Amino acid sequence: MKKLKFKHELAQRILSGDKTTTWRMFDDKDLTVNDNVEVIDRVDPDKPQTWRVIGTATLTQVIEKRLREVDAADSDGHETYASPEEMLKAYQGYYGANVSLDTPLKVIHFSFTPKGNEAAPTGKKGASTTYDRIKIFADGGSRGNPGPSSSGYVLMDQDENIIVDEGVYLGVTTNNQAEYRALKFALEEAKRLGVKDVDVYMDSLLVINQMKGVFKVKNRDLWPIHEAIKKLCGEFEKVRFTHVPRELNKLADAAVNRALDAHADGLPS
């Protein structure tokens, strides 16, 4: 079967129903109307072992145009660009410096059928599958510390299929508060899903060791959320905490930055 690969953020939009169009240059697959194509989520672009099939796209319309000719009618669910020059720069980044505004591309419209139980969008609440044991990756960030902050968390099954991928903008707070709130959000989501057994992975040595009781919680501002998370942990059969290096927590970090970037227009320059 032919395949179309998407960045993780775009795959999430396909799952949520927000994206039903893609533009492709130099089409070596000869994509045509009525083709059924596997849709691949490139979860971590640098690790093909994390890539996964999220469903099938049935191509409903394929239109060939020059890059300069694409317009709003071709952009349903597609990335938008402020100018032709910005669009050209983006496509040169994808396909090489030889791309010009006269380069032909295919505007591909499709209907999407999720695979198995992924009919509910993985990046939003609403997944209906039940899980006994999951992995949680959580992270938080503050641009200023204190400053504009967000929490990010990713829930995975034991085969590392993503169940939930969420970023939450918090307003102005500290980095440690954002880290703790990410953990709390993730555990609350795991509880909502009926999970009994949780493996938590974070790159914050402070949070991990405070939750394990290795470090004392000296900052009084963290006492309430630390106690709330301890109580929440007691509602699971087992919660394990493991510190990981930052490079192994990329997905949660990406969720943090997505949430911050989405509110960047309202932040002080």
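What is the volume of the largest pocket? In this predicted model, the largest pocket has a volume of about 510 Å³. Its lining comprises 22 residues, with Lys5, Trp23, Arg24, Tyr94 and Tyr95 lying nearest the centre. Two or more lining residues are contributed by each of strand S1 (3-7), strand S2 and helix H2 (84-95), and S1 supplies the largest share, five residues. By residue class, the lining of this pocket divides into ten nonpolar, two polar and ten charged residues.

The strands that contribute to the pocket belong to an open, five-stranded sheet of mixed pairing, with the order S1-S3-S4-S5-S2. S1 and S2 occupy the edges and each has a single partner strand, so one side of each lacks a neighbour in the sheet. On average, neighbouring strands are turned by 40 degrees against each other, direction ignored. Helix H1 (residues 8-16) packs on the sheet, where it touches S1, strand S3 (36-42), strand S4 (52-66) and S5, and its direction makes about 110 degrees with that of S1. Helix H2 lies across S1 and S2 and runs at about 65 degrees to S2.

Strand S2 (residues 21-25) is largely enclosed by the rest of the structure, because five of its five residues are buried. In a regular strand, side chains alternate between the two faces of the sheet. Both faces of S2 are covered, with Thr21, Trp23 and Met25 buried on one side and Thr22 and Arg24 buried on the other. S2 runs antiparallel to strand S5 (residues 104-114), to which five bridges join it. Within S5, Ile108 is the bridge partner of Thr22, and Lys106 is that of Arg24.

Notes: Residues are numbered from 1 along each chain as its sequence is written. This is a predicted model: local features need pLDDT of at least 70, side-chain atom pairs count only at pLDDT 80 or more; totals for chains, interfaces and linings use all residues. Side-chain values use heavy atoms; hydrogens and water are left out. Buried means under 20% relative accessible area, exposed over 50%, partly exposed in between (1.4 Å probe, protein chains only). Helices (H or I, at least four residues) and strands (E, at least two) are DSSP runs, numbered from the N terminus. Two strands pair if DSSP finds at least two bridges between them. On a 1 Å grid over the protein atoms alone, a cavity is a set of points where a 1.4 Å probe fits but cannot get out, and a pocket is an open set with protein on both sides within 12 Å along at least five of seven lines; lining residues have an atom within 4 Å of a point. Grid points are joined across faces, edges and corners, and a volume is the space filled by probe spheres set on the points. Ala, Val, Leu, Ile, Met, Phe, Trp, Tyr, Cys and Pro count as nonpolar, Asp, Glu, Lys and Arg as charged, and the others, Gly among them, as polar. Axes are lines fitted to C-alpha atoms, for helices over the stretch in contact, and angles run from 0 to 180 degrees between N-to-C directions. Contact means heavy atoms within 4.5 Å.
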